[in-house]
Amino acid sequence: MVNEVADDYYAHVLATAPETAYFSGIELDRHDGLSDNSLAAVAASEAAIDAMLARLQTVDADDLAGDPAWITYAYLREEIEAKVGVRVCRTEIWNVNQMGGWQLGYAQIAQLQPVGTAELREQSLARWSKFARLINQEMANLEVGIELGYTAPKTVVERVVDQVDGLLALDIEESPFYSPAARDDDESFAEATRALVVDQITPCLLYT
């Protein structure tokens, strides 16, 4: 039971937040996934995690004494209960963070995006064609937060604005979101990546 829940949780995290893999040393089969940050997706993820926690709560830890599964149980239960406990903060509707916000995380991921083959180039274009949607959804989530009285401190917001302005000030070839093309020698891929940055990503950043 414990290992089954652990496997399900692992699969859930990679399915809902595949970007996590790049900061956890996990090898992915594909590199075209992007989180769904809509509030509906957040609610669905929370429901799935609640179901996993309910399964763990049926386990008697004393029965696992001397079994390696006890360690898995302890870490997993702590992880899932922490996920549930932090929900009260509603961070999804005031997600403005100058230390680890999306404007920083995705800039890093773009520079880690694997390229070098036709399939990887296709996956890169597929992933970053979804990025404008993610940015727009972040803005929509913040509007919900404002309506409900959740906002980040002004100083934090100002720092994030400065970081976004810094991204916008870069030449296209210097943008982290152009990095996949800069690390590949396919001209058509470079043109398509440039178009994504110019026509989709940059306009969204301008209105954040």
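**A kinked helix, its neighbours and an aromatic cluster**

Helix 9 carries a kink of about 35°, centred on Val197. The model examined here is a predicted one, and this bend makes a handy starting point for a walk through it. Helix 9 runs over residues 187-206, 20 residues in total. From its first C-alpha to its last it reaches 27 Å, close to the 28 Å expected at 1.5 Å a residue. Val197, on which the kink is centred, is itself buried. The other buried residues of helix 9 are Phe189, Ala190, Thr193, Leu196, Ile201, Cys204 and Leu205. Several helices meet these buried residues: helix 4 (102-112), helix 5 (118-128), helix 6 (131-148), helix 7 (154-169) and helix 8 (179-182) all pack against them.

One of these partners, helix 7, deserves a look of its own. Helix 7 has 16 residues and reaches 22 Å between its first and last C-alpha, close to the 22 Å expected at 1.5 Å a residue. Val156, Val160, Val164 and Leu167 are its buried residues. Viewed down the axis of helix 7, these buried residues fall within an arc of 75°, so they line one face of the helix. The spacing fits a familiar rule: an α-helix has 3.6 residues a turn, so residues three or four places apart point the same way. Lys154, Asp162 and Ala169 are exposed on the other side of helix 7. The cover over the buried residues of helix 7 includes helix 4 and helix 9.

Aromatic side chains add another layer to the picture, with six aromatic pairs in the structure. In one of them, the ring centres of Tyr106 and Trp128 are 6.4 Å apart and the planes stand at 90°, so the pair is edge-to-face. Tyr106 belongs to helix 4 and Trp128 to helix 5, so this pair ties together parts that are 22 residues apart in sequence. Tyr106 and Trp128 are both buried. Trp128 also pairs with Phe131: their ring centres are 5.4 Å apart and their planes are at 80°, so this pair, too, is edge-to-face. Like Trp128, Phe131 is buried. These three residues belong to one aromatic cluster, formed by Trp102, Tyr106, Trp128, Phe131 and Phe177.

Taken together, the helices and the rings overlap in a pleasing way. Helix 4, which holds Tyr106, is part of what covers the buried residues of helix 7. Helix 4 and helix 5 are also among the elements packed against the buried residues of the kinked helix 9.

Definitions and conventions
Residues numbered from 1 in each chain as written. Predicted model: local features only at pLDDT ≥ 70, side-chain atom pairs only at ≥ 80, totals over all residues. Heavy atoms only, no water. Helix = DSSP H or I, 4+ residues; strand = E, 2+ residues; numbered from the N terminus. Expected span 1.5 Å × (residues − 1). Bend = angle between axes of the 7 residues up to and from the residue. Buried < 20%, exposed > 50% of the residue type's maximum accessible area, 1.4 Å probe, protein only. Contact = heavy atoms within 4.5 Å. Arc of directions from axis to C-beta. Phe/Tyr/Trp six-rings, centres within 6.5 Å; stacked < 30°, edge-to-face > 60°.
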